[in-house]
Amino acid sequence: MLERDGISWNVMIAGCARHGYSTEALNFFLQMQHAGMKPTPFTFASTLSACASLSELGKGKQIHLHIIRDEVNSNIILGNALIDMYAKSGCLEDALKVFDKMPERDVVSWNALIAGNARHGQGDGALKLFSEMRCLGLKPTQCTLASLLSACASVANLGTGKQIHAHNIQTGFESNVFAGSALLDMYAKCGSIDDALRAFDSILDRNAVSWTSMIIGYAQNGCGEEALQIYEQMLLVGMKPDNITFVGVLTACSHAGLVDEGRYYFDSMSQDHSITPTVDHYTCMIDLFGRAGLLDEMEHFINNMPFEPDAFMWGSVLGACRSHGNLKLAKLAAERHFELEPDNAAPYVLLSNIYASNGKWEDVAEVRKIMSGKLVKKKPGYSWIEVKNSVHTFTAEDGSHPQTGEIYAMLEKLTEQMKKEGYVPDTSFVLLDVAEEQKEHLLRHHSEKLALAFGLINAPPGAPIRIVKNLRVCGDCHTAMKFISKIVGREIILRDAIRFHHFKGGLCSCRDYW
């Protein structure tokens, strides 16, 4: 074109932004300015969309300043683009400021803010916004519901998730692949794997995302063999697996102790599907060997990788050393982890735990001294449970809950009953150099046990008890939950930082392989 006007530039910028050519969209925006053309609100909206896709927060902020400086007449499209850019970048406060200043908002405005909260772990915030949206009479869209299901999954809010599922059915979204995949992901992350399978079966036109979501859901819930069956079905219908699919497959093998299968599928990636394994796949294999106690094979695998191990890999090695008692390798893994992430408390805590379980209290004190000197703080452990649409959070030895007296009395009663059934407290999980009696007392009041006692007191009779913990469950609590599930005749579903544990009739779905 010999002559270009503002419309020409806007069409090019918008077209590139809409079809995934975000870098080109930003380049056209710069060229437009150099050509002396004045951007319109439509230009800015398209350019902000490109910034959001590229996570270019800095450039997005520059454009926002440009809009303010030039006193550009804002409209709802431009406002929504600003909200979306800030929300996708994790700047939720800035997104909310733009949202609050908009004289007019539509469902897209609400969707962008809800999605941002859900994407960045603010599930409660997303659900609160949805409640406000409904009060204003706005009708949620498919995007709204998918974001809300993601929010419910992040905080394990099964009750609200089921309400949104009901809304999906009413609006006809349930069989849609986008909404259906979000639905099965929510159920899987809330530990309701049977409901996740029903959601999967209801999707009429499944894509790679829905198949992969089901595989990962089974893997997270300790159903390794079922995950592999879904994968094989995926291949039979002609669906091609991708990188993420194989992360799910290898995770399933790792969590179920399927070592030979894990080796086979790792090799199959490149040999059968021309997929080059990434860091995530190598990490899964390290975890697979570590959980199985194959520490020599794990070391050999690490030494022959095409890249250097990252902090997450060394963390897996430390976890394996904790489970299988390899102090020498633990020291090496901790040192490498310290070098890569000096401010991360996790490797210090793991190494300290390994020393404590071996009775090396002087070494424990030394690690804690180093942490104190470097101002590295341990992440506090806590558990939460939702009962009657209210979330209750507990920490170890928590005495702040209004029902503390009843909760502690329930735990005393349960401990007596467990001991009659053969339970012996595993005091090796108390990482303090105190008397055995004191160790038993401390074990009794771990956060997940407090949440469980609260649930038994307050949840409807016979209903499963669902607990979420931000850290990995300790071995003694895992044993206790098996005993308690048998004594009270209730299913206990515990989601920790690694996976789900379904306790029923004295057994756990992990088969004590975790």
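1. A good place to start is with the charges: the structure contains 12 salt bridges. Please keep in mind as you read on that this is a predicted model. One of the salt bridges joins D84 to K88, with 3.3 Å between the closest N and O atoms. Both residues belong to helix 5, and because they are four residues apart, about one helical turn separates them.

2. Helix 5 also has a packing partner, so let us stay with it for a moment. Which way does helix 4 run relative to helix 5, roughly parallel or antiparallel? Helix 4 covers residues 57-69 and helix 5 covers residues 76-88; their axes lie 10 Å apart, at an angle of about 150°. That angle is why helix 4 counts as roughly antiparallel to helix 5, the limit for this label being over 145 degrees. The crossing of helix 4 past helix 5 is left-handed.

3. If you would like to look at this contact on screen, pick out L57, G60, K61, H64 and I67 on the helix 4 side. Facing them from helix 5 are L78, L82, M85 and Y86. Sorted by class, this contact of helix 4 with helix 5 has six nonpolar residues, two polar ones and one charged one.

4. Next comes a pair with another orientation to look at, helix 7 (residues 107-119) and helix 9 (residues 142-154). Their axes cross at roughly 20° and come within 9 Å. Helix 7 and helix 9 are therefore roughly parallel to each other, since angles under 35 degrees are given that name. Helix 7 passes helix 9 in a left-handed crossing.

5. Which residues of helix 7 meet helix 9? They are V107, N111, I114, A115 and A118, and their counterparts in helix 9 are C143, T144, S147, L148, S150 and A151. In the contact of helix 7 with helix 9, seven residues are nonpolar and four are polar, with no charged residue taking part.

6. A further helix pair worth a look is helix 13 (residues 208-220) with helix 14 (residues 224-236), whose axes come within 8 Å and cross at roughly 165°. These two helices are therefore roughly antiparallel to each other. Here, too, the text can name a hand: helix 13 passes helix 14 in a left-handed crossing.

7. Helix 13 brings A208, W211, T212, M214, I215, Y218 and A219 to this contact. Helix 14 answers with E226, A227, I230, Y231, Q233 and M234. By class, the contact of helix 13 with helix 14 has 10 nonpolar residues, two polar and one charged.

8. Now for the strands. Six of them form an open sheet in the order 2-1-3-4-5-6, with mixed pairing. Which strands lie at the edges? Strand 2 (390-395) and strand 6 (507-508) do, each of them pairing on one side only. As general background, strands of a sheet pair through backbone hydrogen bonds, in either a parallel or an antiparallel way.

9. Strand 1 makes a handy guide to one end of the sheet. Strand 1 and strand 2 run antiparallel and are joined by six bridges. The two strands form a hairpin with two residues between them, and K388 in the turn has a positive phi of about 55°. Moving along this pairing, V387 stands opposite S390 of strand 2, while the bridge partner of I385 in strand 2 is H392.

10. Strand 1 (residues 382-387) is also joined to strand 3 (residues 465-469), by three bridges, and this pair runs antiparallel. What stands opposite I385 in strand 3? That place is taken by I467. S383, for its part, stands opposite K469 of strand 3. I385 thus has a partner named for strand 2, H392, as well as one for strand 3, I467.

Technical notes: Residues numbered from 1 in each chain as written. Predicted model: local features only at pLDDT ≥ 70, side-chain atom pairs only at ≥ 80, totals over all residues. Heavy atoms only, no water. Pairing = 2+ DSSP bridges. Axes fitted to C-alpha atoms, helices over the stretch in contact; angles between N-to-C directions. Parallel < 35°, antiparallel > 145°, perpendicular 65-115°, else oblique. Left-handed = near helix turned anticlockwise from the far one by under 90°. Contact = heavy atoms within 4.5 Å. Nonpolar A, V, L, I, M, F, W, Y, C, P; charged D, E, K, R; others polar. Salt bridge = Lys/Arg side-chain N within 4 Å of Asp/Glu carboxyl O.
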